[in-house]
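Welcome! Here is a short tour of one protein chain, from its overall layout to the charged pairs that link its parts. Please have a look at the structure first.

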Amino acid sequence: MNRREFILHVLSIIFATVWELVLAYNSRAISEYYVEKGTIFFENWTGGTGGPCVSWSKYSPSLEFVLLVLLPTLVLLILYLWFKEPTLKKSALSIGLPVLSVIVIYFKTTGPGVLLALIVVSAVVGGVVGKDKWEKVLLSIAGFLPGLIIGMIIAAELTAVWC
């Protein structure tokens, strides 16, 4: 891996991670795009309000949410098509596949299962796409960091108590 490829990989890691952090910072504003929530209030037996309540949340990502979290991948793919630089395509794949796996895996499991799947997917994608040891490591990190942030965003909204 030459110096130019290294710089492109590092810039793509920074770009994707910063974008996902911006989404995490604004997660309350975009939470309706991936979590359905509701609250049921019960009246107390004396007839007044203020009794117990039940909150529920359901993971249901919309197309807008998927596009928002995959925006770094889409930008890198557009840049690849524009400049024909293979490093951009490698970075796009190494970021997009782990992030997409987090979105899909949350339908089946939560918690440590998502983290384990993210680690495996990031390592496999980095190992397959990269050509030497350092590029494989950088590509694995490029997929793991944004995927971890997206996983934390989803987990935080699913476990939030609203009553």
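Starting at the N terminus, the order of elements in the protein chain is α-α-β-β-α-α-α-α-α. That makes seven helices and two strands. Please keep in mind that this is a predicted model.

**Overall form**

The C-alpha atoms of the protein chain occupy a box of roughly 75 × 30 × 20 Å along the principal axes. The radius of gyration is 19 Å, whereas a compact globule of 163 residues would come out near 15 Å. Of the 163 residues, 36% are buried. The protein chain exposes about 9,400 Å², and 71% of that area comes from carbon and sulfur atoms. If we take contacts between residues at least 6 apart in sequence, 68% of them join residues at least 24 apart.

**Charges and salt bridges**

The protein chain carries 12 positive and 10 negative charges, and the mean positions of the two sets lie 11 Å apart. How many salt bridges does the structure hold? There are three, and here they are with their N to O distances:

| Acidic residue | Basic residue | Distance |
|---|---|---|
| Glu 85 | Arg 4 | 3.2 Å |
| Glu 5 | Lys 131 | 3.3 Å |
| Glu 135 | Lys 90 | 3.3 Å |

Let us begin with the salt bridge between Glu 85 and Arg 4. Glu 85 sits in the loop between α4 and α5 while Arg 4 belongs to helix α1 (residues 3-25), so this pair ties together parts that are 81 residues apart in sequence. Glu 85 counts as buried because its relative accessible area, 15%, is under 20%. Arg 4, at 55%, is exposed. Leaving aside residues up to four places away in sequence, Glu 85 touches Arg 4, Leu 8 and Tyr 80.

Next comes the salt bridge of Glu 5 with Lys 131. This pair links distant parts of the chain, with Glu 5 in helix α1 and Lys 131 in the loop between α6 (112-129) and α7 (133-159), 126 residues apart. Is Glu 5 buried or exposed? Glu 5 is buried, with a relative accessible area of 12%. Lys 131 has 52% relative accessibility and therefore counts as exposed, the cut-off being over 50%.

Finally, Glu 135 forms a salt bridge with Lys 90. Glu 135 is part of helix α7 and Lys 90 is part of helix α5, so the pair ties together parts 45 residues apart in sequence. Glu 135 is buried at 0% relative accessibility, and Lys 90 is buried too, at 16%.

Methods
Residues are numbered from 1 along each chain as its sequence is written. This is a predicted model: local features need pLDDT of at least 70, side-chain atom pairs count only at pLDDT 80 or more; totals for chains, interfaces and linings use all residues. Side-chain values use heavy atoms; hydrogens and water are left out. Buried means under 20% relative accessible area, exposed over 50%, partly exposed in between (1.4 Å probe, protein chains only). Contact means heavy atoms within 4.5 Å. Helices (H or I, at least four residues) and strands (E, at least two) are DSSP runs, numbered from the N terminus. The radius of gyration is taken over C-alpha atoms; the globule rule is 2.2 Å times the number of residues to the power 0.38. Accessible areas come from the Shrake-Rupley method with a 1.4 Å probe; for residues, only the protein chains shown count as cover. Lys and Arg count as positive and Asp and Glu as negative; His and the chain ends are not counted. The place of a charge is taken as NZ of Lys, CZ of Arg, CG of Asp or CD of Glu. A salt bridge is a side-chain nitrogen of Lys or Arg within 4 Å of a carboxyl oxygen of Asp or Glu.
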